[in-house]
Amino acid sequence: MKKVIPTLVLGALACMPALAAENKDFNYHVDRFADIEVLRYEVPEFNSLSLQQKKMLYYLSQAAQMGRDIIWDQNGRYNLKIRKTLENIYTNYKGDRESKDFKAFEKYLKQVWFGNGIHHHYSNDKFTPEFSREFFEEQVRALPADKLPVCQGKDAQHLIDVLGPVIFDPTVMAKKVNQDGSQDIIATSAGNLYGPGVTQAEVEEYFAKIKDPNDPTPISYGLNSKMVKDKDGNLKELHYHLNGLYGPAIAKIIYWLDMAKNVAENDAQKAYITKLIDYYITGDLRLFDEYSILWAEDTKSNVDFVNGFIESYSDPLGMTGSWESYVNFKNSKASARTEAISSNAQWFESNSPVDPRFRKENVKGVSAKVITAAMLAGDAFPSTAIGINLPNANWIRAAHGSKSVTLENITEAYEMASHGNGFNEEFVIDAPTRKIMEDYLYITDMLHTDLHECLGHASGQLLPGVDQDALKENGAALEEARADLFALYYLADPKLLEIGVIDNPDAYKAEYYKYMLNGLMTQLNRIELGKDVEEAHMRNRQLIAQWILDHGKKDKVVELVKKGGKTFVKINDYKKMRALIGQLLGEIQRIKSEGDYEAGKKLIDRYAVKIDPKLHKEVLNRYSKLDIPPYRGFVNPVYKPVTNEKGEITDITIDYSETYPEQMLRLSREYSTLGTSSH
Ligand code: ZN
């Protein structure tokens, strides 16, 4: 719920007539290495913003960049030293830049830049250098003394001794976040959120002592601190704040937030920026909660941002926030879409194909808007989410609501960059189906996400006395299925034409085809041969697709057919498919409302888990022939102030021309706030 990650290597499909893209010739492709593609994104409408809004975006972007070193250090205690060393070798290298060793070195550096450290951003595994240790040592020795990130009196050999094992020994700091519950997940995780010698049991005991289970408004314990041992071996939290850990970076962040505050759009915005600064000064998590409430409740401002220690996926115990920043402004045209949907929430609820006893009498849609990202930073860069839903504290969400945002220009960049990657030609059955997907998949995909997030999860109710955890281990997959079915059912409803979010009654067919194709076949690409489907969203998609295939068999609603030895999804009757979607939604809502664990388990076991090994192998083979990178991320545009003779800012320009290495080296030059000693 908190964070929507692009589901797709799939995607791939649209030319999108209705898009905001300003420049047809915009080049989305920046770099390609290992399993990564780096893209750039366009910031449509930036030039039509007011000067005040541009200044605000610029100041917030500066505040965003100033935190870069924090995430590098949070990800591993040697990362800043390693970055500096590698970058100095890269820029000082006098040998053949086409040699095998140097090429391998460059690839490794690009990976490290992308991971904000020596571990893969998604798998958390340490990168394996493909250049020799001898090459590395030779290059370190060739560096001038002032290019060595070591303390006074220490030499190149010292640096080699410290970094050699960290970079080259696969057993040293092997995994950034270890989730294997049979081990001490803190002692075996290489991230820098816990100091040396700290164990999982000690941390759990520490928080058990200070947490009050009866507090209705608890702070987010551990969110902004590193846990270390003092000289007597007792645990203590080092807080991140102006005079604490990461103080030099936080001072710069505060400076630019203060600049932004002075050009804020309204008092509500000024108030939450002030509160955020106070929190950065003191590290007081009560102030962070107060800030979060003010932020969630400000739905008026056009320019908006996140800047702080937010998501806790990098903490094996899920407490400490990784530093990140998003700077953005509202996409009013596209937000009209989510507002049209939210404001009709009750109509959708009252007309849903479920037993009336399970419907909500008063449904409240989540406040949602569509935004244009202007700067990504920290843990949100270069790899980023396409949707965010904050704040994370449950009691704040319940009492004050949350903001759900869709990063439309990022989604658009993913889609545009995928165009022409051969996916459609390989997997979509025929030209007419490809055509409807090219014309309508982008918009129906967005609508699917809107309906799923704003209405799907918020729909329906439990019967009195039913435990919300009654579906146990299948709860997550069934809940995702419920939200997806709700979205799929309404995608084909004339109501969407009536409220003006779509202009063709057949558009939904694009999403229906993609959904079946993904659920029956192409998502298998992410699973190793011989394994089952595990992840909740993937189980949900297979459950829906297999159930429809099975229940539509008699009438041949959907079939798997062979063409030239290859398997294809063929949808013969879209209307009947919609009826089946409604029927399954009714059943899964019943299971949820009644807490019918057995029926839920039966559905999951029968449809969601097992894979036909022959089809699986075929999908993997066909995919491997398309060179589609599994992971993608972005470089940011560059903003530059234009000043008059008095030094006043008269405009902010935007430039997209930077390459990936140019951007990374510039960030290290201009935004190194923490030095290279280990924190
Ligand atoms: Zn969901």
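## A walk through the model, starting at a covered strand

Select residues 631–635 to begin: this is strand β13, and it is mostly covered, with 4 of its 5 residues buried. Keep in mind as you click around that this is a predicted model.

With β13 still highlighted, add residues 36–40. That is strand β3, which runs parallel to β13 and is joined to it by 5 bridges. To see one of these pairings, show glutamate 37 together with its bridge partner in β13, arginine 632.

**Helix α1**

Next, select residues 51–65, which make up helix α1. Put a distance between its end C-alpha atoms and you should get 21 Å. Why does that agree with expectation? At 1.5 Å a residue, the 15 residues of α1 should span 21 Å, because the expected span counts one less than the number of residues.

Now turn on the side chains. How many of the 15 residues of α1 are buried? The count is 12, so mostly covered describes this helix too. Among the buried ones are Met56, Leu57, Tyr58, Tyr59 and Leu60, and the list also includes Lys54, Gln53, Gln62 and Gln65.

**The zinc site**

Jump to the zinc ion. Which residues coordinate it? Show His452 and His457, each through NE2, and Glu480 through OE; the distances run from 2.1 to 2.2 Å. Along the chain, these donors follow the spacing H-x4-H-x22-E.

Colour the two histidines by accessibility while you are here. Histidine 452 has a relative accessible area of 7% and histidine 457 has 14%. Buried means under 20%, so both histidines qualify.

**Asparagine 344**

Go to residue 344 next, an asparagine in the loop between α11 (332–343) and α12 (345–350). Buried or exposed? Asparagine 344 counts as buried, at 18% relative accessibility. Look for what it touches: leaving aside neighbours within four places in sequence, asparagine 344 is in contact with Lys495 and Ile499.

**Some backbone stops**

Three loops are worth a visit for their backbone geometry.

- Select phenylalanine 381 and proline 382: the peptide bond from one to the other is cis, with omega near -5°. Proline 382 sits in the loop between β8 (368–378) and β9 (387–390).
- Move to asparagine 124, where phi is positive at about 70° although the residue is not a glycine. You will find asparagine 124 in the loop between α4 (100–115) and α5 (133–142), buried at 14% relative accessible area.
- Then try methionine 173, another non-glycine with a positive phi, here about 50°. Methionine 173 belongs to the loop between α6 (156–168) and α7 (200–210), and it is buried as well, at 17%.

**Zooming out**

Finally, clear the selection and switch to cartoon. The protein has 24 helices and 15 strands. Its radius of gyration is 26 Å, close to the 26 Å that the globule rule gives for 679 residues, so the protein is as compact as a globular protein of that length. Draw a box along the principal axes and the C-alpha atoms fill roughly 80 × 60 × 55 Å.

Colour the whole protein by burial, and 58% of the 679 residues count as buried. Switch on the surface and you are looking at about 28,400 Å² of accessible area, 50% of it belonging to carbon and sulfur atoms. A contact map makes a good last view: of the contacts with a separation of 6 or more, 74% come from residues 24 or more positions apart.

Definitions and conventions
Residues numbered from 1 in each chain as written. Heavy atoms only, no water. Helix = DSSP H or I, 4+ residues; strand = E, 2+ residues; numbered from the N terminus. Buried < 20%, exposed > 50% of the residue type's maximum accessible area, 1.4 Å probe, protein only. Contact = heavy atoms within 4.5 Å. Donors = N, O, S within 2.8 Å, 3.2 Å for Na, K, Ca; no water. Pairing = 2+ DSSP bridges. Rg over C-alpha atoms; globule rule 2.2 N^0.38 Å. Areas by Shrake-Rupley, 256 points an atom, 1.4 Å probe, with all protein chains shown as cover.
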